[in-house]
Every structure is written in C-alpha cells, then in structure tokens.
Amino acid sequence: MIADHRGDPLRTGRATVNGTSLHYRTGGSGPAVVLLHGVPKTSYHWRHLVPGLTAQHTVVVPDLRGLGDSARPADGYDSATMSEDVAALMAHLGHGSYSVIGEDWGAVVGYQLAARHRGEVTALVFAEAFLPGFGFEERAALTPENVSTGMHLWHLGFYFQPDVPEMLIAGHERELITYMLKNERSYPDTATPEAVDEYVRCYSMPGGIRAMLAIYRAMLVDAEQNRQAARQKLDIPVLALGGSAFIGDRNEAQMLDVAHDVTGHVFDAGHDLAEEVPDEMAAVVVPFLAEVL
C-alpha cells in the first residue's frame, strides 16, 4: 500500500495510453507531480516519499511500461516512448502542467519527458541515474577506475546479450533482485522483506524479466535520443540528487550538460534514495518544488 500524509491509501487505476496500459496510483491535492521509478523496482519504491508530498501536491505514481502491474507490450522500451506513456497518462488524468521526479531509469524517462513536453513539465528532479549518451555506456567498461569506485556496472553488458540473461535469471528472480537492491545501497536493511517480495512478485510475472531487459537493450537508442534532445538545453529548474556511495555529484554534472538551471545535492546514501533516506530527500525536494510554483 502507498498512503498519503493522512494515512489514506492512494487511489489506484489503469489507463490505456500510447498503445499500452499503465497501472497508477494518485492522491493528494495541489500542483501535480509525477514520480517515475527505476529498475528493479516498481511504483512501490515511492511509498516513503509520497506522504511528504501529498499535503501540497497531487501525486501520480505510475508503474512504467512493462513493470509493476502495468502491461508488458512487445516493444516501446526506449525512454522517449516510455516518456510519451507518462505524458499521455498525465493528460488522461487532466494535468496540463506538472513536475517530474525520476530515479534510476525513471530519471532517464523523466529527462525525455521534460525535453519532449517543455510546455507541460515545470521542473525536473533527476535522482541517481546515468544518462545514456552522457557517460552511462562507459560504466560498463572493465577498468581499474570503475572497479575501484564501485562503478563497474557489469550487468549492462550482460543484460544486453539476447536470450542468455533470460535463461540464467529464470527461477532466480529473487536472488538477482535482492542482490541488486542490497549491493547498491549504503543501508541494505532498507531493502525490507516486504519490498523485496513486492518487486519479486512483479518481475516474476509473465514478461517481467523480458520487459526489464528490453529497457536496458534500448540503451543505444536512448543515447541518440538524449543527444538529440540536449541540442536544446532544458530551461526549467532541475534538481540533481545523488547518493555519496553511488553516482553522487555526477548526477549534477550530467544535468549541466543538458539543462541551464541545475541545483545539486548529495546525500549520505547509496543508489535508492527514496527508500534509504526518504525524510532527507523530502526535506530537499519539497522546498525545491515550492520554489518553482
């Protein structure tokens, strides 16, 4: 369950948008903000942050295409197409303008959403993500620097290979998801049994791992989409958030390549800020959103 600041569950629904079906939750009141999760997570990732937002904002918390309880179509896993899913969902729900909070792959989708819908997106929070086309690919390289800093993202190349990951992951979804969640956090106990169970439930459903891998396999397409979008820098306020033990201030450096107005903040945390340090994250995000209204 994801609840608002009063403890009331968010409303849940499904919307047929952009050729697929998205599951979403919504609640609160005020200016709209959409929260986009990464991998291997679902919208459940935001459960601790949402209560800090709903007193001042209407939140929309979707499961991205192919993930969580959303549909798992055969294609459309590049970040531009996934951003159009979210834009269509927000229009379907009647939100003509909104802020975007994205983390991990959700931040990549969030950047494309801001770049492609400049008239609707009022602010972007870009949390703990490498942006394809701006340094992500280099992190797959087996180099002394990547290994010594904990930034050798070995799984990128593994996931990109067709068929073999599906064969090896099948029946071991829990082991993979538990390892990824705990290994990338400064506070591994924040990957609670309840959260792991929810993520494993979703990624173990038919097509769950296929959809996850399809997101990674679209990375080269994403890179070209991002380089094209960056030809016109974002002129909305951007808040770049990092965890000191993972991407850190590199989030801000990337955003400076693609946006004019960037503020950075680094937390004493790992990769999953909204589960590791949700109160600290809310204390930075809420004032940022208030300033852009």
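A residue counts as buried here when its relative accessible area is under 20%, as exposed when that area is over 50%, and as partly exposed in between. Glu-128 makes a handy first case in this predicted model: with 0% relative accessibility, Glu-128 falls under the 20% limit and therefore counts as buried. The residue sits in the loop between E6 and helix H3 (144-148). Its backbone is a bit unusual too, since phi is positive, at about 50 degrees, although Glu-128 is not a glycine.

Now for the sheet. Eight strands line up in an open sheet, in the order E1-E2-E4-E3-E5-E6-E7-E8, and the pairing is mixed. At the two edges are strand E1 (11-17) and strand E8 (259-267), each of which pairs on one side only. On average, neighbouring strands of this sheet are turned by 20 degrees against each other, direction ignored. Side chains in a regular strand alternate between the two faces of the sheet.

Two of the strand pairs can be followed in detail. Strand E5 (residues 98-103) runs parallel to strand E6 (residues 121-127), and 6 bridges join them. Within this pair, Glu-103 has Ala-127 of E6 as its bridge partner. Over at the E8 edge, E7 and E8 also pair in the parallel sense, this time over 8 bridges. Here Val-238 stands opposite Val-262 in E8. The link between these two strands goes through a helix: E7, helix H10 (residues 250-258) and E8 together make a right-handed β-α-β unit. Another helix, H12 (residues 278-292), lies across strand E3 (32-36), E5, E6, strand E7 (234-243) and E8. Relative to E7, H12 runs at about 175 degrees.

On to the helices, with H9 (residues 219-229) as the starting point. Its buried residues are Met-219, Asp-222, Ala-223, Gln-225, Asn-226 and Ala-229. Looking down the axis of H9, these buried residues fall within an arc of 165 degrees, so they line one face of the helix. The general rule behind such patterns is that an α-helix has 3.6 residues a turn, so residues three or four places apart point the same way. What does the buried set of H9 pack against? The partners are four helices: H1 (79-92), H2 (105-116), H4 (155-160) and H8 (208-217).

Take H2 among those partners. The axes of H2 and H9 are 10 Å apart, and the two helices pack at an angle of about 40 degrees. The crossing of H2 past H9 is left-handed. On the H2 side, the residues involved are Trp-105, Val-108, Tyr-111, Gln-112 and Ala-115; these meet Met-219, Asp-222, Gln-225, Asn-226 and Ala-229 in H9. H8, another partner of H9, is itself mostly covered, with 8 of its 10 residues buried. The buried residues in H8 are Gly-208, Ile-209, Ala-211, Met-212, Leu-213, Ala-214, Ile-215 and Tyr-216.

The loops have their own points to look at. Between E3 and strand E4 (58-62) lies the loop that holds Pro-40. A cis peptide bond, with omega at about 5 degrees, joins Val-39 to Pro-40. In the loop between E1 and strand E2 (20-28) sits Asn-18, a residue other than glycine whose phi is nonetheless positive, near 55 degrees. Is Asn-18 buried or exposed? Neither one fully: with a relative accessible area of 39%, Asn-18 is partly exposed.

Leu-93 belongs to the loop between H1 and E5, and at 25% relative accessibility it counts as partly exposed. Leaving aside neighbours within four places in sequence, Leu-93 is in contact with Tyr-24 and Val-60. Val-60 is 33 residues away from Leu-93 along the chain, yet their C-alpha atoms are separated by 9.1 Å.

Finally, there is Tyr-187, found in the loop between helix H6 (173-183) and helix H7 (193-203). Tyr-187 counts as partly exposed, at 35% relative accessibility. Beyond its neighbours within four places in sequence, Tyr-187 is in contact with Asp-268, Ala-269, Glu-276 and Val-277. Gly-13, in turn, is 174 residues from Tyr-187 in sequence, and 32 Å from it in space, C-alpha to C-alpha.

Note on methods
Residues numbered from 1 in each chain as written. Predicted model: local features only at pLDDT ≥ 70, side-chain atom pairs only at ≥ 80, totals over all residues. Heavy atoms only, no water. Buried < 20%, exposed > 50% of the residue type's maximum accessible area, 1.4 Å probe, protein only. Arc of directions from axis to C-beta. Contact = heavy atoms within 4.5 Å. Pairing = 2+ DSSP bridges. Axes fitted to C-alpha atoms, helices over the stretch in contact; angles between N-to-C directions. Right-handed = clockwise from strand over helix to strand, strands pointing away. Left-handed = near helix turned anticlockwise from the far one by under 90°.
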